[in-house]
Amino acid sequence: MPGGIWVIGQAAAGGGLARLSSEVATLARALGEAGGVPVSGVVVAAEPAALAAELAGFVPRVLAVTEPALAASAGATVVAQRVAALARTNAPNLILTGADPDGRDIAGVLAALLGWPVLANALNATWGPVGPRVEISVFGGKQFSTSEFTAGRGVITVRPNAVQAVAQTPAGSVEAVQIADHLALPGVRVVGRIHEQHGGAAVEDARIVVAGGRGIGGPDGVTLLEHLAEALGGAVGATRAAVDAGWIDYPKQIGQTGKIVKPALYLALGISGAIQHKVGMQTAETIVAVNRDADAPIAEFADLMVVGDLFEVGPAILDELRTRRG
Amino acid sequence: MRIVVLTKPVPDPAAAEHLGPDGRVDRTGGNVINGNDEYALEAALKLVETHGGEVTVVAMSPETGRDVLRKALAMGATRGVLITDPALAGADWLSTIRVLAAAVREMEFDLLLVGVDTSDGGAGLVPAGLAALLGLPYLSNAATIEPVDAGVRVNRITATGFETLESATPAVIGGTQALGAPRYPTLKGIMGARSKEVAVRTLGDLGLDPATVGGAAAGTRVVDLRRPPERGQAKMVRGPAADVAREVVEFLAARGFI
């Protein structure tokens with residue numbers, strides 16, 4: 001189907017389709033409808049059937065590629081090579097992935113193999129005169145740009161929470177596809193997996209983030225964050241100061257050398273709002289801060305700022321949440 | 001062990017303005033080493049301290065990027081390579097990885113370390129793209145890097161912990177802050193850096209046609225650039241904890257979070 005839009009279905013860490021992939025698929029479908037362009041999903045996995053069926057809940061057609069090499073090797077490079085091979089014969093114009101670590105790895109290898117340009121970290125995309133117009137936040141939200149491909153062809157990576165996933169009815173069809181090509185790029189073996197005890201929800205996917213900074217002071221503060229995150233159905237995040245202090249793991253760090261998040265709600269406890277942290281979270285829709293210092297920089301970009309001790313206000317918020325829910 | 005590290009000069013993230021009116025990154029001001037590249041550099045320096053070898057730092061930038069290479073040399077890198085050419089202004093991602101790949105192909109190395117993303121572009125696609133162009137294994141999101149028999153082992157950060165990856169070398173590795181805090185240059189290091197070599201490579205030196213890379217060949221263009229709408233000043237809440245907690249929860253409920 002030449003000229004189509006493809007979305008790559010990625011697996012979630014715990015199995016099943018990544019929520020981000022359903023969001024990306026929803027955006028692809030909207031673009032396809034606006035541009036009058038066919039939309040397909042592509043799933044490459046050792047056993048792609050279940051993932052492909054899930055993705056077909058969001059797009060009219062899914063190509064399912066069985067790839068035995070994925071059972072024991074790092075996936076992104078293998079997936080990218082298979083999608084590149086399919087793209088050479090089917091000639092889509094646009095391929096979309098998530099802008100999470102796995103999606104970035106796939107997109108980088110894929111675009112390099114195809115020799116295509118990339119628009120990365122899309123917050124939205126609409127259909128313009130020469131194809132998609134992609135909205136991107138740059139420098140951590142200090143500026144927004146709208147960009148397009150000069151030749152109407154390219155790879156787009158899409159930020160988590162940029163669009164809300166909407167399923168379609170009826171579900172699309174799934175076609176099994178065989179690719180016999182040799183995998184040209186050298187493989188990377190997965191020789192072990194380490195599961196963190198306190199993994200928790202991935203902070204970049206979460207709709208609600210409860211984050212702590214230097215002001216949380218230690219393990220008691222972390223426990224408070226975890227209780228609030230649980231009560232609100234969110235994930236715990238941290239500033240670099242809280243990570244450097246050893247209170248919270250680096251994968252939860254938000255900011256310049258950590259994750260960039262766009263949750264619906266960002267609850268910031270003991271966070272001053274230094275620029276290195278701000279660039280990771282300022283595109284949150286609603287920001288609520290609790291800080292003892294009324295002059296902390298976060299007051300300049302929070303929607304609601306509680307001036308007070310987080311160890312008094314935090315537990316009181318927990319009590320109030322529990323009271324409301326009976 | 002021969003290690004190449006890409007150290008991208010980026011505008012100081014603490015500064016206010018970064019995009020020029022043409023939608024391109026303003027690279028005329030003061031630059032720093034991109035954060036995740038600096039962690040990768042630190043990991044490289046530690047590896048050669050333990051296992052022997054040398055570290056070459058590479059930057060693609062205007063002439064102003066030389067300061068960033070000097071800092072990397074002062075931290076302990078062996079030599080620097082500055083890829084600079086007026087035609088590179090406005091280079092898109094694809095051009096960037098093609099130019100970097102051409103420069104790196106001239107070098108002999110076991111590991112090519114690159115920060116997983118940058119604070120200015122932030123696309124996070126350069127290491128993966130480079131690995132594909134170079135035809136090398138790619139080990140991303142590294143928290144640790146260690147040499148093993150006939151190759152390299154990396155603990156890669158995942159959503160639920162780590163996965164341990166192994167590949168043959170040479171290999172491309174995407175580095176993160178988890179690799180460890182970068183050292184400060186010592187006075188001795190700063191003095192020593194003055195006599196270290198910084199080689200300059202132009203597109204001509206790399207055998208690349210300016211019509212095929214750089215601004216002239218960009219596959220993307222910016223059609224609009226704007227500042228985000230200002231958030232109003234925060235609504236400030238003070239008072240007894242129980243009262244402010246009620247106000248916070250009512251605020252959250254009004255916005256549909258509860």
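The following conversation introduces the fold of chain A, a sheet shared by two chains, and the contact between them.

Reader: What kind of model is this, and how are residues and chains labelled?

Author: This is a predicted model, in which local features need pLDDT of at least 70, side-chain atom pairs count only at pLDDT 80 or more, and totals for chains, interfaces and linings use all residues. Residues are numbered from 1 along each chain as its sequence is written, while chains are lettered from A and ligands numbered from 1 in the order in which they are written.

Reader: How many helices and strands does chain A have?

Author: Chain A has eight helices and 15 strands. Helices (H or I, at least four residues) and strands (E, at least two) are DSSP runs, numbered from the N terminus.

Reader: What is the radius of gyration of chain A, and what would a compact globule have?

Author: Chain A has 21 Å, which agrees with the value near 20 Å for a compact globule of 326 residues. The radius is taken over C-alpha atoms, and the globule rule is 2.2 Å times the number of residues to the power 0.38. Along the principal axes, the C-alpha atoms of chain A fill a box of roughly 60 × 45 × 40 Å.

Reader: Turning to the open sheet, how many strands are in it, and which stand at the edges?

Author: The open sheet has 10 strands with mixed pairing; two strands pair if DSSP finds at least two bridges between them. Strand E10 (189-195) of chain A and strand E11 (198-201) of chain B stand at the edges, each with a single partner strand, so one side of each is left without a neighbour in the sheet.

Reader: Which strands does helix H2 of chain B lie across?

Author: Helix H2 (residues 66-75) of chain B lies across E4, E5 (79-83) and E11 of chain B, at about 165 degrees to E5(B). Axes are lines fitted to C-alpha atoms, for helices over the stretch in contact, and angles run from 0 to 180 degrees between N-to-C directions.

Reader: How many residues does each chain give to the contact?

Author: Chain B gives 72 residues and chain A gives 79 residues. Two residues are in contact if their C-beta atoms, placed from the backbone, lie within 7 Å.

Reader: Which helix gives the largest share on the side of chain B?

Author: Helix H6 (residues 241-254) of chain B does, with eight residues.

Reader: Which strands do three bridges join between the chains?

Author: Strand E15 (residues 304-307) of chain A and strand E13 (residues 235-237) of chain B are joined by three bridges and run parallel. Val306(A) stands opposite Val237(B) in E13(B).
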